[in-house]
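Open the structure in your viewer and follow along. We will visit a helix pair, then a single residue, and finish with the whole chain.

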Amino acid sequence: MVASEYPEIRLDRFTGNLDRAIEYVAAFPQQKFDAIISRGGTAGVLRKHVDIPVIEIEISILDMLRALKLAESCAEPFAVVGYGSIVHIASSLCDVLQCDRPLIREITARRVRQSVEELRDQGIRLILGDVIAVQAAEEAGLLSILITSSRESVTAAIESAAALCRSMVRDQTFYKLYQAIVDCIQTGIVVFDRSGNQIQANHQSKLMDQELLMATLQKCIPHLQEQGEMHLYRQNNRQLLEITGQLLQADGNQYCCFFVRSSHKAASIVPGVAVDRPEELPPGRQILLSALRSRLGAAVMEKGIQGSGAVAIVGEPGMQKTALARSLHCRGSRRNGLFLRVSCEVLQERQWTRFASNINSPVNGQGCTVFFENVHRLAPSIQELLSTYIEDTLLYKRNHIICSSTVDLQELVMQERFYLPLYKQLCQILLPLPPLREWREEIPVLVSLLINQFNIEHNKSVGGIQPEALEILKDYGWPLNLVQLEQVLSASVRDAGSYLIAPEEIDRVLQEQRPLRHAKEPAAEPERSPGLDLNKTLDEIERDIIQQILAEEGMNQSAAAKRLGISRSTLWRKLK
């Protein structure tokens with residue numbers, strides 16, 4: 001990271017859109033910072049909300065060119081959306097290069113969502129822009145590429161901020177005295193004014209996960225102002241925290257005061273049951289979730305989000321089922337409640353009984369999401385017990401129920417391996433996820449978007465992938481689906497030695513992804529079928545041989561074609 005080159009500077013990093021940036025700076029006393037470094041429109045808006053210097057990170061011509069090339073490689077209709085600086089650079093670059101100009105739309109913070117929806121209605125599928133434009137694109141169901149700033153631009157901004165801050169003198173005497181008043185209290189205390197600006201936070205609250213805590217409290221302010229008091233729970237640093245909110249009046253002013261302490265209810269969390277933090281999905285997961293939402297369809301996804309019935313997510317391993325469940329929770333009406341994740345493969349009857357029978361258990365509350373992960377692995381002895389609990393306590397009315405499975409639960413019911421009443425309770429809305437090998441036509445889009453994401457994570461500037469390398473990815477069988485695609489592209493971007501990812505780099509990473517069982521048993525012969533059925537036709541025998549070689553090569557069509565001495569296109573034709 002660039003900041004590591006300036007050990008004399010303490011840099012607090014935050015990633016988010018304009019609204020969250022404002023919430024973030026408002027959540028801390030401004031005396032905590034000497035300056036703020038930001039980008040584009042966010043920098044301009046922050047200057048209106050803070051009294052300390054805001055230094056803007058510029059976007060260079062090279063940054064814009066790289067983003068445009070990635071967008072073009074997606075082969076989807078796209079538009080450039082952003083504040084004035086981004087629009088000016090994109091327009092100038094297109095004029096200089098005399099290239100086909102994409103749709104370019106200048107926005108304001110208030111009109112960004114409307115602008116993106118208008119572009120969607122015009123047939124645009126991909127938005128190229130800054131953080132606020134990318135977020136609006138995801139909410140509108142569009143694909144997106146974030147325009148990032150180069151290392152040189154970030155370096156220049158840090159040096160400008162450091163030079164400015166060295167000339168400033170600050171007096172913190174009053175703040176330190178005021179802070180000492182509440183620092184002696186063992187309960188975390190955070191106070192906001194009527195506008196949502198944090199005006200007080202004691203020492204105990206700062207020992208907690210600040211980003212999670214402040215984001216949670218900011219979301220609670222409107223509800224507290226309306227109701228006058230509130231009480232909820234959140235997972236923080238593996239502890240279940242109890243948060244109490246109270247609306248206070250003093251000298252004609254209104255304040256939102258939150259008291260945060262470790263809850264005794266944490267004892268109700270047992271092995272196999274955990275409270276997750278679904279709002280912290282990595283950006284790469286958001287890209288793949290957008291693709292999943294596109295495959296499932298808006299109408300089906302909306303049913304799952306609304307929580308009008310229990311949702312069953314069914315798909316092969318690696319299809320991001322747990323991440324999709326978290327996404328449904330975050331977009332639904334219970335997003336401010338708990339996300340309870342029940343790991344069915346490790347849950348035992350005694351643990352569930354202890355968890356569910358505790359009157360203080362979070363599952364006995366309301367307004368949360370209960371996610372039964374890998375429900376097909378639930379022990380038979382617990383299936384009937386769980387079904388009885390759901391019916392007797394009306395769990396489906398108090399909370400949203402989601403489950404995931406890698407196998408068809410209906411088939412398990414027919415085999416009498418899954419309790420029929422529990423199937424009816426859990427599978428009211430079905431979200432079937434097709435495996436990645438059936439997404440051949442969408443792989444180029446996913447690859448471009450993930451390259452953009454891993455450029456950010458690995459501090460690289462990869463511009464795309466060679467056509468031959470892309471063909472390898474499209475032909476691969478992907479036994480671990482989306483998770484494996486992420487791993488392959490992350491490693492390829494990280495180790496890329498040129499501007500475009502080459503076929504040999506993809507082949508190398510895929511070889512590393514192959515199962516390790518062959519390495520553990522070097523003397524063992526590959527498992528083969530009992531023999532060829534010579535009573536079949538020649539075409540049928542040929543097909544059996546191809547399927548056997550494909551299985552031995554982990555469904556890697558490139559490797560299978562090489563062993564068979566034919567081209568990938570010939571192999572593809574013979575498989576039809």
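Is the crossing in which H21 passes H22 left-handed or right-handed? To find out, select helix H21, residues 481-495, and helix H22, residues 503-513, in this predicted model. H21 passes H22 in a right-handed crossing. The two helices pack at an angle of about 130°, and their axes lie 10 Å apart. H21 and H22 are therefore oblique to each other.

Now show the side chains where the pair meets. On H21, pick Gln 484, Gln 487, Val 488, Ala 491, Ser 492 and Asp 495. Their partners on H22 are Glu 505, Ile 506, Arg 508, Val 509, Leu 510 and Gln 513. Colour the residues of this contact by type and you should find 5 nonpolar, 4 polar and 3 charged.

Next, jump to Thr 369, in strand E15, which covers residues 369-373. Is Thr 369 buried or exposed? Its relative accessible area is 1%, so Thr 369 counts as buried, the cut-off being under 20%. Add His 329 to the selection: a polar contact of 2.7 Å joins its side chain to that of Thr 369. Leaving aside residues up to four places away in sequence, Thr 369 also touches Arg 334, Leu 338, Phe 339, Leu 340, His 400 and Ile 402.

Finally, zoom out to the protein chain. There are 26 helices and 19 strands to look through. Of the 576 residues, 49% are buried. Among contacts with a separation of 6 or more, 66% are between residues 24 or more positions apart.

Notes:
Residues are numbered from 1 along each chain as its sequence is written. This is a predicted model: local features need pLDDT of at least 70, side-chain atom pairs count only at pLDDT 80 or more; totals for chains, interfaces and linings use all residues. Side-chain values use heavy atoms; hydrogens and water are left out. Helices (H or I, at least four residues) and strands (E, at least two) are DSSP runs, numbered from the N terminus. Buried means under 20% relative accessible area, exposed over 50%, partly exposed in between (1.4 Å probe, protein chains only). A polar contact is a pair of N or O atoms within 3.5 Å; within protein, one must be able to donate a hydrogen and the other to accept it, and residues adjacent in sequence count only if both atoms are side-chain atoms. Contact means heavy atoms within 4.5 Å. Axes are lines fitted to C-alpha atoms, for helices over the stretch in contact, and angles run from 0 to 180 degrees between N-to-C directions. Angles under 35 degrees count as roughly parallel, over 145 as roughly antiparallel, 65 to 115 as roughly perpendicular and the rest as oblique. A crossing is left-handed if the near helix is turned anticlockwise from the far one by less than a right angle, and right-handed if clockwise. Ala, Val, Leu, Ile, Met, Phe, Trp, Tyr, Cys and Pro count as nonpolar, Asp, Glu, Lys and Arg as charged, and the others, Gly among them, as polar.
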